[in-house]
Amino acid sequence: MAPKNQPVGGQAPVVQRLRLRYAKRGPLRFTSHRDFARAFERALRRAGVPIAFSQGFTPHPKISYASAAPTGVGSEAEYLEIGLQAEVDPEMLRRALDAALSPGLDVLEAVIAREGGGSLADRIDASHWRLELPQVDPAEAEAAVKAFQEAGEVLVERMTKQGRRTFDARQAVTRIAVTQQSDLPSEADGAPCAIIDLVVRQVTPAVRPDDVLSGLRAVAGLEPPVPPRVTRLAQGMLTAQGEIVDPLDADREPALPG
Amino acid sequence: MSVSSVFPQLEQLLPRVSKPIQYVGGELGAVVKDWDATTVRWALMYPDAYEVGLPNQGVQILYEVLNEQPDVLAERTYAVWPDLEALMKEHGVPQFTVDAHRPVKAFDVLGLSFATELGYTNMLSALDLAGIPLDSADRGDDDPIVLAGGHASFNPEPIADFIDAAVLGDGEEAVLEITGIIREWKDEGRPGGRDELLLRLARTESIYVPRFYDVDYLPDGRIQRVVPNRPDVPFRVAKRTTMDLDAWPYPKKPLVPLAETVHERYAVEIFRGCTRGCRFCQAGMITRPVRERSITTVGQMVKEGLEFSGFSEVGLLSLSSADHSEIGDMCSGLAEQYADTNVSLSLPSTRVDAFNIDLAQELSRNGRRTGLTFAPEGGSERIRKVINKMVTKEDLIRTVVTAYSNGWRQVKLYFMCGLPTETDEDVLEIAQMAHEVIRAGREAAGTKDIRCTVSIGGFVPKPHTPFQWAPMERPEVIDARLKMLKQEINSDRSLGRAIGYRYHDGEPSLIEGLLSRGDRRVGAVIRRVWEKGGRFDGWSEHFSYARWIESAAEVLPEYGVDLDWFTTREREQLEVLPWDHLDSGLDKDWLWQDWQDSLTEYEQDDCRWTPCFDCGVCPSMDTEIQIGPTGKKLLPLTPVTNTLRVPV
Ligand code: B12
Ligand code: SF4
């Protein structure tokens, strides 16, 4: 909401920038990015956040998003940045926003953006995904993953904004493995469930988890009988060791002595 | 016995359908209750797509009223698109609620809200998907009571075979009363099963149970009579009227969807009913008398509704919002309160004679001008007298000039085609009117850069209106007039360029006419259309005229009637109409007199500012006009800006 007594045609300046990590969970993973953006703007109003607005004829709230997970894919690691016209306590803001959004759209962290530390987008070049394949025998998944890893190139097809495109889904994948985690909710009781752990670098055109699944079908005929459930676990910079660095790390204040 | 969620099965299908978010619920304001902790359970359905159904006020109000009762659970369900319908059939997933994804069949009541008759085929799809027999007669004790409400239920005869009961009129108190009857019947151990429950509902004298009434026909196809087939149900069923809207300030917690819907705003009804007396308007006739919500209650609802929802637009709803006795103070008060925010105000279509410069300024206070819509409805002075829309061309020109000189660049004008006694000339006058609007508007605005849109649709005669006896015009005639009008608008190139033209063809209106004034025999047509795949009849991309024509031709001859008989035939004074046993309070003789007055172009006043003209409603329904002014003003709000609302 615009402040009182603002200069004609002007908007209050941004005095604080905050970066948020949020999750899309459960049924609300079907929220598209557009849906989320509308819900987030309403949540800013409900929570009374002193958001800053852009200049111009139709002022827009200052929000910028880092690459959003596809509709239908859950995520524990979505990021956005907001510009505020008054300073707030990040944890208070996190709680207010989290309460203002539907359960399942959860605001997990808020940190003050460090000046000169670069944009969020500059700190993200890879994603860590978890693919759950209910009713798929882990051994079968294992074999498919192996075939995928051994292939130099795995061509897949997808509809993009530019039309149908064929591209390689192999190169961008830096890690793919079948894991044995058992703390995950299983889709079908008793039925086997294969879980694939996947790290993919950001490339153009983007290689998404469903492209890797297409790739597994292409190299080994892996056909999950029910739609796999995909979750983004993390995003960030990929280190030489293959780890992903949390993009908010650079903003976090060093622990104060005492 | 507890009922489990069908979400695990549904979830497998969602990645394969368009806009899956519409099926997952999770709206702000949605309520999920423990099934076993409640005794009476309602599934409320708006039988259209989620994007249209979710914002519906009627459903939102009843949902909240019901859920406020501790032992009552209400959830919502909407029509699923054909892509999901096919998958649900293939995988055996039943019609579900979006709140907790429970199967609709498990509820005690399936309450359908029919704002329009075009939702009938969608009701059949939902019943079918739910596993509830289509015919009321085939349902057993495990099936919900299928209950119709909303404006179309003032003539539910075409769907009489498919529903178990219908409520005419306002629902707030009705749903609580029905809940009470079901609660009692369940507590007593469901004596007499389903039939006894329906009987108890019918005995209220304001819930219509079609199975307790028989319809006899004359050899020529007309209805001979509609009479109860048992001694203990009333001859006529009365409508409901909620008096004192201040006592019912709903919705308090509007539903805020994640999916995109037709309206993203907080809507408050500022009054119900309308006595302007437009003769085509069923809504105005069946919702009498006028009952205003006071300026202070509206102010309170807006404040709380916006805080709750985070919406940035407020809609002040009613059948003719500018007629509220304190509309000026209401708009200026709200504009003042929200002056420093990006909240905007809007009114649905505004009466030409009630719009003025003050209102124009309040609606455009923070530079945001939401659309302005006026509905002169008829092109010529003569036809406006026939329909009792008492506005003159001068009124209209004066009003649009006000709008254009207050910064609006675009106004919308609504008209109807195919009105009783209408000639080509009446319709062509719309073009002259639009030309004059542009000419006067250009002068007032001092620029050529203004526009108006002429929007025109086919007239559909409705039950409980003076035009219930009127013949419909044939679609060919309507389409020819619409084409003529287009040419006439474009006959002046300069003016024509500034005029947008939107029209609805005559064909869908004819089918709406069949469904509006149909009787029980029309049910067979609806069923046949649905069997042939008819769904979403309110959507031009799904509506098939051919399918309706074909189906009508297949099933109606058996009864010695046809589509024309229901639509383009004029009724006589003494003909028994299918809805005569359903009491809207309007005196049939008064309606007939008003029909005759219309043919002689005689106008009827408004009982709010002239004496009661005995339409029959108030004495028979024991109601009265409730209007202001209260003289109260909206107080400035304490600014809430920059205060985080952190939950404790
Ligand atoms: C907002 C609005 C719209 C919006 C939003 C619709 C929506 N999703 O709600 C939009 C723009 C989409 C719209 C579209 C149309 N609309 Co419209 N709309 C309105 C408007 C202005 C307000 C409706 C409203 O919220 N009323 C207030 C609520 C509380 O009333 P209610 O829904 O009737 O509910 C009460 C009772 O009926 C009852 N009740 C309702 N359902 C049930 C169910 C049960 C089980 C029970 C017991 C009781 C019950 O209880 C409720 C509380 O008392 C009205 C005018 C008006 N003021 O009513 C026109 C109006 C309803 N619309 C109308 C029409 C014709 C249409 C369209 C068919 C237009 C067209 N040709 O395309 C479409 C149909 C859309 C569709 N497929 O449903 C007409 C209805 C005609 C009639 N019966 O005479 C109206 C009356 C306008 C008019 N004067 O002509 N509309
Ligand atoms: S009975 Fe009289 S006062 Fe009541 S709505 Fe009819 S005309 Fe108006």
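**Exercise 1. Work out how much area is buried between domain 1 and domain 2 of chain B in this predicted model, and which residues supply it.**

Solution. About 780 Å² is buried between domain 1 of chain B and domain 2 of chain B, and carbon and sulfur atoms give 52% of that area; the model from which this value is computed is a predicted one. On the side of domain 1, the three residues that supply more than any other three are Q57(B), H151(B) and D170(B), which together account for 55% of the area that this domain buries against domain 2. To place the two parts along the chain, note that the domain assignment gives 7-231 as domain 1 and 265-369 + 585-648 as domain 2. The contact between them takes 8 residues from domain 1 of chain B and 11 residues from domain 2 of chain B, while their centres, taken over C-alpha atoms, are separated by 30 Å.

**Exercise 2. Describe the salt bridges and polar contacts between the two domains of chain B.**

Solution. Begin with the count, which is 3 salt bridges between domain 1 of chain B and domain 2 of chain B. Next, take the pair R291(B) and D170(B), which form a salt bridge whose closest N and O atoms are 2.8 Å apart; this pair counts as a salt bridge because the rule asks for a side-chain nitrogen of Lys or Arg within 4 Å of a carboxyl oxygen of Asp or Glu. Then add the polar contacts, for which 3 residue pairs are found across the interface of the two domains. Finally, sort the residues by class: the side of domain 1 that touches domain 2 has 3 nonpolar, 3 polar and 2 charged residues.

**Exercise 3. Determine which parts of chain B form the shell around ligand 1, and which of its atoms lie by oxygen atoms of the ligand.**

Solution. The shell draws at least three residues from each of domain 1 and domain 2 of chain B. Of the 31 residues around ligand 1, those that come nearest are Y46(B), D48(B), V52(B), S113(B) and E172(B). Looking at atoms, a polar side-chain atom of N56(B) lies 2.9 Å from an oxygen atom of ligand 1, a backbone N or O atom of G171(B) lies 3.0 Å from an oxygen atom of the ligand, and for a polar side-chain atom of R272(B) the distance to a ligand oxygen is 3.2 Å. The elements that give two or more residues to this shell include β3 (109-113) and α6 (172-187) of chain B, but α3(B) gives the most, with 4 residues. By class, the shell divides into 12 nonpolar, 14 polar and 5 charged residues.

Notes
Residues numbered from 1 in each chain as written. Chains lettered and ligands numbered in written order. Predicted model: local features only at pLDDT ≥ 70, side-chain atom pairs only at ≥ 80, totals over all residues. Heavy atoms only, no water. Domains from an automatic or database assignment. Contact = heavy atoms within 4.5 Å. Buried area = accessible area lost by both parts, 1.4 Å probe. Polar contact = N/O pair within 3.5 Å; in protein donor to acceptor, adjacent residues only side chain to side chain. Nonpolar A, V, L, I, M, F, W, Y, C, P; charged D, E, K, R; others polar. Near = heavy atom within 4 Å.
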